[in-house]
Amino acid sequence: MTLYRALVVDVAANPFTTEPSAALRADDDAGLLVRDGRVVERGPYADLRRSHPDEDTVDLRDGVLLPGFVDTHVHYPQVRAIGGLGMPLLDWLRDCALPEEARLADNAYAAVVAEEFLDGLVAAGTTTALVFGSHFADAVDTLFTAAERRGLRITAGQVVSDRILRDELLTTPEVALSEGRKLIERWHGQDRLRYAVTPRFSLSASEPLLDVCAELLDAADGLFLTSHVNENGAEVEEVRALFPERRHYLDTYAHHGLVGPRTVLAHNVHPTDHELDVLADARAWVAHCPTSNAALGSGLFPLRRHLERGVGVALGSDVGAGTGFSLVKEGLQAYFVQQLLGAEGVPLSPVHLLHLTTRAGAEALGLSDRVGDLGVGKEFDAVWLRPAPSSTLAVNLAHAKDASDLLARVFALGTPADVAGVWSAGRRLITASGT
Ligand SMILES: O=c1[nH]c(=O)c2nc[nH]c2[nH]1
Ligand SMILES: [Zn+2]
């Protein structure tokens, strides 16, 4: 067993339904006793030390210990495609993302990209992610192999499309079914890995391919479905033209039985009220990706309408349209967007931001009994933020008046450079750069 000593800050209840100050749990000089990767006791360090005098202590008092971040939407083959600014979605896909994604046909290339991608997650303090895979089955296999080696909690799948994209990225319903089945058999439920059926978006998926997605979703218990929806005005119009019989964009998925409690759809910047009702009834989740939405000019996310209609929302970095792996940055950008919406926005407190970056993601991924906070019984997935001495963040942390104020300063100023340690199920993770 190991005893961790730190200022521990996490969220113990949903601040959208509980008073944020009551949802916040902040323990100064706390002890977390970890056995077999799980938190088995939490309390004042002095008490735990007294009752466990022989356990090793890891002293993390310099800085703050948070639950590992949960990224509910991030693209593995786009780690080298970050920073393509100045283009709307469909141009960005054509000129920036898809040429890079095509390179993963070479599995040696994919193996290097997989390590860069996982390094990016870990360096940003992300320990759990729902990952958009590659169009190439071998590259997806490579990602799972690398994630298993590191002990990260990854849900991912092969991206499938059979129209509109460049030829190398297209499959057929028959091939998608057979490759998907093999990947599910090999990886779903293996260690901390699970499979997500992943039509890229209905713009690039025919009705027969969406039928195959439904068939794959039935191939094992606990499979996830992830895709994109309602991201950009031109995209929504094109989907409408391609699916004249469907009521709206969401219906292109719902019609095939693809919208349920293990569905996570990215963006949803432009939903109709009926789509929000369908999502809420299905208990499906939306991955809000605020830096991506700003970078591509997709729009300002209507969080208030999602909350009022009962749709669950978590956060995604959406690398590479998003501007990096940091969920701290996504949290800050989510806050900015709601501020910019004025009376239509939801004023987000620092507790909301920590909730959106940790607990909400765990819930979206059906993992809230295991990760998302650092309570007793949860796995020790944690990120230790320790800013460089006399950095602006260090100065601000030293002058925070309470835990909520400290979180506000973390979200305003924190970057991956402040991540000094990351643990996944009690195991310390190391990146290529030595985090
Ligand atoms: O932000 C996005 N990134 C993508 O890679 C993508 N593909 C379809 N729709 C998308 N949106
Ligand atoms: Zn995306």
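## Helix H3: what is tucked in

Let's start with helix H3. In this predicted model, its buried residues are Leu-89, Trp-92, Leu-93, Cys-96, Ala-97, Leu-98 and Glu-101. Part of the cover over those buried residues comes from helix H8, which spans 233-242.

There is a pattern to look for here. An α-helix has 3.6 residues a turn, so residues three or four places apart point the same way. With that in mind, follow Leu-89, Leu-93 and Ala-97 along H3, which are among its buried residues.

H3 also has a kink to look at. The helix bends by about 35° at Cys-96, a residue that is itself buried. A proline, Pro-99, comes along within four residues of the bend.

## Around ligand 1

Which helix gives the largest share of the shell around ligand 1? That is H3 again, residues 89-102, with three residues. The shell includes Leu-89, Leu-93 and Ala-97, and these three names also turn up in the list of buried H3 residues.

The rest of the surroundings are His-75, Arg-200, Phe-201, His-228, Glu-231, Ser-292, Asp-318 and Ala-321. Sorted by class, the shell is a mix: five residues are nonpolar, three are polar and three are charged.

## A cis peptide bond

Now hop over to Val-319 and Gly-320. The peptide bond joining them is cis, with omega at about 10°. Gly-320 sits in a loop, with strand S14 (312-315) on one side and helix H13 (327-340) on the other. Asp-318 and Ala-321, whose numbers flank this pair, are both among the residues surrounding ligand 1.

## Two positive phi angles

Asp-191 is not a glycine, yet its phi is positive, at about 55°. You'll find Asp-191 in the loop that links helix H6 (173-187) to strand S10 (193-199). Is this residue buried, partly exposed or exposed? Asp-191 has 15 C-beta neighbours inside 10 Å, so it counts as partly exposed.

His-267 has a positive phi too, near 90°, and isn't a glycine either. Its setting is a strand, S12, covering residues 263-267. His-267 counts as buried because 29 other C-beta atoms lie within 10 Å, and the cut-off for buried is 20 or more.

## The annotated domain

To zoom out, an unreviewed UniProt entry lists residues 64-428 as "domain: Amidohydrolase-related". Over that stretch, the chain is 42% helix and 17% strand. The C-alpha atoms at the two ends of the stretch are 16 Å apart.

Note on methods
Residues are numbered from 1 along each chain as its sequence is written. Chains are lettered from A and ligands numbered from 1 in the order in which they are written. This is a predicted model: local features need pLDDT of at least 70, side-chain atom pairs count only at pLDDT 80 or more; totals for chains, interfaces and linings use all residues. A residue is near a molecule or strand if its C-beta atom, placed from the backbone, lies within 6 Å of it. Ala, Val, Leu, Ile, Met, Phe, Trp, Tyr, Cys and Pro count as nonpolar, Asp, Glu, Lys and Arg as charged, and the others, Gly among them, as polar. UniProt positions are given in the numbering used here, feature names are shortened, and annotations may be inferred rather than shown by experiment. A residue is buried if 20 or more other C-beta atoms lie within 10 Å of its own, exposed if 12 or fewer, and partly exposed in between; C-beta atoms are placed from the backbone. The bend at a residue is the angle between axes fitted to the seven residues ending there and the seven starting there. Two residues are in contact if their C-beta atoms, placed from the backbone, lie within 7 Å.
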